[in-house]
Amino acid sequence: MALTQNGVLVRVGIIMGSQSDWATMSHGADILTSLLVPHERRIVSAHRTPDRLRDYAMSARERGLHVIIAGAGGAAHLPGMAAAWTSLPVLGVPIESRILKGVDSLLSIVQMPAGIPVGTLAIGRAGAINAALLAASILATTDPGLAERLDAWRARQTDAVAIEPQ
């Protein structure tokens, strides 16, 4: 059953291991919203809700998703486990942790065994934003309207850079 958002097919899923991860992952959702990319947001813990994770990842394609962005902190198993249950692209965002500042999350996500790929982005806000931009870039390969919006977003970013410090 395909999901819709205002009558448009939802194409990106944003999942995170806990409510506290939303402070980071919301930055990616904001980018997708600004690019008019319909997306959904779910709390799906690899450790506390493993059946929810399996069901989410296994049904993602039939529900119309094309990309999953998975944010996780600490042991950071969510992106890898999602990738184990689907062949859709999974983009991992390491959430900054208190103790090791997200380095633990980064290493847990980036060190996937051969055969189960997870695209790994930067720790924290930058990673969430770049995951959304990468998801949009993936979708834009077959969506000319999105490609134009993404090009315009990047042009605005370029134009916002001052020539001289103030």
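Okay, let's start in the middle of the sheet, with strand S3: both of its faces are covered, with Val12, Ile14 and Met16 buried on one side and Gly13 and Ile15 buried on the other. So that's 5 out of 5 residues buried for S3, which spans residues 12–16. Before I go on, a reminder that what you're looking at is a predicted model.

Why do I list those residues in two sets? Because in a regular strand the side chains alternate between the two faces of the sheet.

Now, the sheet itself. It's an open one, 5 strands, and if you read across it the order is S4-S3-S5-S6-S7, with parallel pairing. At the edges you have strand S4, residues 39–43, and strand S7, residues 119–120, and each of those pairs on one side only. As background, strands of a sheet pair through backbone hydrogen bonds, either parallel or antiparallel.

Let's walk across it. From S3 to S4 there are 5 bridges, and the two strands run parallel. If you want a spot to click on, methionine 16 sits opposite isoleucine 43 in S4. Going the other way, S3 is joined to S5 by 5 bridges, parallel again. Here the pair to look at is valine 12, which faces valine 67 in S5.

S5, residues 67–72, is mostly covered as well: 6 of its 6 residues are buried. Val67, Ile69 and Gly71 point one way, Ile68, Ala70 and Ala72 point the other way, and every one of them is buried.

Next step over: S5 and S6 run parallel, with 5 bridges between them. Isoleucine 69 has leucine 91 in S6 as its bridge partner. Then from S6, residues 90–94, to S7 we get 2 bridges, also parallel. Glycine 92 is the one standing opposite threonine 120 in S7.

Okay, helices. Helix H4, residues 103–110, lies across S5, S6 and S7, and it runs at about 160° to S6.

Then there's the pair H2 and H3. How do they cross? The axes of H2, residues 50–59, and H3, residues 78–85, come within 8 Å and cross at roughly 50°. That angle falls outside the parallel, antiparallel and perpendicular ranges, and so the two helices are oblique to each other. The crossing of H2 and H3 is right-handed. On the H2 side the contact is made by Leu53, Arg54, Ala57 and Met58, and on the H3 side by Leu78, Met81, Ala82 and Trp85. Sort those by class and the contact has 7 nonpolar residues, no polar ones and 1 charged.

Last stop, one residue in a loop. Serine 97 is in the stretch between S6 and H4. Is serine 97 buried or exposed? Its relative accessible area is 15%, and the cut-off for buried is under 20%, so serine 97 counts as buried. What does serine 97 touch, leaving aside its neighbours within four places in sequence? It's in contact with Gly102 and Asp104. And if you like distances, serine 97 and glycine 124 are 27 residues apart in sequence, and their C-alphas are 9.3 Å apart in space.

That's the tour. Happy to pull up any of these in the viewer.

Conventions:
Residues are numbered from 1 along each chain as its sequence is written. This is a predicted model: local features need pLDDT of at least 70, side-chain atom pairs count only at pLDDT 80 or more; totals for chains, interfaces and linings use all residues. Side-chain values use heavy atoms; hydrogens and water are left out. Two strands pair if DSSP finds at least two bridges between them. Helices (H or I, at least four residues) and strands (E, at least two) are DSSP runs, numbered from the N terminus. Contact means heavy atoms within 4.5 Å. Axes are lines fitted to C-alpha atoms, for helices over the stretch in contact, and angles run from 0 to 180 degrees between N-to-C directions. Angles under 35 degrees count as roughly parallel, over 145 as roughly antiparallel, 65 to 115 as roughly perpendicular and the rest as oblique. A crossing is left-handed if the near helix is turned anticlockwise from the far one by less than a right angle, and right-handed if clockwise. Ala, Val, Leu, Ile, Met, Phe, Trp, Tyr, Cys and Pro count as nonpolar, Asp, Glu, Lys and Arg as charged, and the others, Gly among them, as polar. Buried means under 20% relative accessible area, exposed over 50%, partly exposed in between (1.4 Å probe, protein chains only).
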